[in-house]
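Please load the model in your viewer and keep the sequence panel visible beside it. The stops below are meant to be selected one after another, beginning in the interior and working outwards to the whole chain.

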Amino acid sequence: LPDCVRVTLPILATDLTKLGDDFLAVHVNPPWSIDDSPDKGDVTMAHIAAIPFQKLAPYGFVFMWVEKENLSAVCDVMWEKKFVYVENLTWVQMLPNNKIANSGAKYLARSHRTMLMFRRDVKQFPKGKEIELRHQRSADCTLDILETTGSG
């Protein structure tokens, strides 16, 4: 899109408000500080809480990739910033042989990534209604398990 700009920054060491204060959306893919995360980094919930999403996208959306260990905590932080949960996107990770990938985790293996979608609470920020996010009401992808005979 001609009016979209991709910026990759060290979010822990950048004053993000210098980038602007009227974004329609902010997309975040932090390298979480979670031991078994495939993209292990040093970003914690305290760091996410310090990002001024309410200043960057005062009437817009935040799309954030999360790990299963911090789903609830991310929702809590965004609620405190007056963003409400809209929906999530799940990316099922597949191997080249079309089997679901399973990487390590403390309790259950990782087989997918989740992106949470938030928007400003339109009850408190009515101007947010002017932005419309359209999506379909049915699944984009369904995985069926087919039972086969021992010989395939």
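**Stop 1: the nonpolar interior**

Begin by selecting Trp32, Ile48, Phe53, Val62, Met64, Val74 and Met78, which touch the most other members among the 20 residues of the largest nonpolar core. At least two residues of this core come from each of strand 1, helix 2 (53-56), strand 2, helix 3 and strand 4. Bear in mind, while looking at these side chains, that this is a predicted model.

Now centre the view on Val74 and display its surroundings: leaving aside residues up to four places away in sequence, Val74 touches Trp32, Met45, Met64, Val66, Leu116 and Phe118. A second core, separate from the largest one, has six residues, and Phe61, Phe63, Met117 and Ile131 are among them.

**Stop 2: strand 2 and its neighbours**

Select residues 61-66 next, which form strand 2; because six of its six residues are buried, this strand is largely enclosed by the rest of the structure. Turning the strand to view each side in turn, you will find Phe61, Phe63 and Trp65 buried on one face, and Val62, Met64 and Val66 buried on the other.

Which strands pair with strand 2, and in which sense, parallel or antiparallel? Add residues 25-28 to the selection, since strand 1 pairs with strand 2 in the parallel sense over four bridges, and look for Val28, whose bridge partner in strand 2 is Met64. Then add residues 112-120, which make up strand 4 and run antiparallel to strand 2, with six bridges joining the two; here Phe61 has Arg119 as its bridge partner in strand 4.

**Stop 3: a salt bridge**

Select Arg113 and Glu67, whose side chains meet in a salt bridge with an N to O distance of 3.7 Å. Arg113 belongs to strand 4 and Glu67 to the loop between strand 2 and helix 3 (71-80), so the pair ties together parts that are 46 residues apart in sequence. Both residues, Arg113 and Glu67, are buried, and the salt bridge count comes to one.

**Stop 4: the whole chain**

Finally, clear the selection and colour by secondary structure, which comes to three helices and four strands, following the pattern β-α-α-β-α-β-β along the sequence. Of the 152 residues in the protein, 29% are buried, while the accessible surface comes to about 10800 Å², with 54% of that area belonging to carbon and sulfur atoms. Among contacts with a separation of 6 or more, 72% are between residues 24 or more positions apart.

Methods: Residues numbered from 1 in each chain as written. Predicted model: local features only at pLDDT ≥ 70, side-chain atom pairs only at ≥ 80, totals over all residues. Heavy atoms only, no water. Buried < 20%, exposed > 50% of the residue type's maximum accessible area, 1.4 Å probe, protein only. Contact = heavy atoms within 4.5 Å. Areas by Shrake-Rupley, 256 points an atom, 1.4 Å probe, with all protein chains shown as cover. Pairing = 2+ DSSP bridges. Salt bridge = Lys/Arg side-chain N within 4 Å of Asp/Glu carboxyl O. Core = buried A, V, L, I, M, F, W, Y, C linked by side-chain atoms within 4.5 Å.
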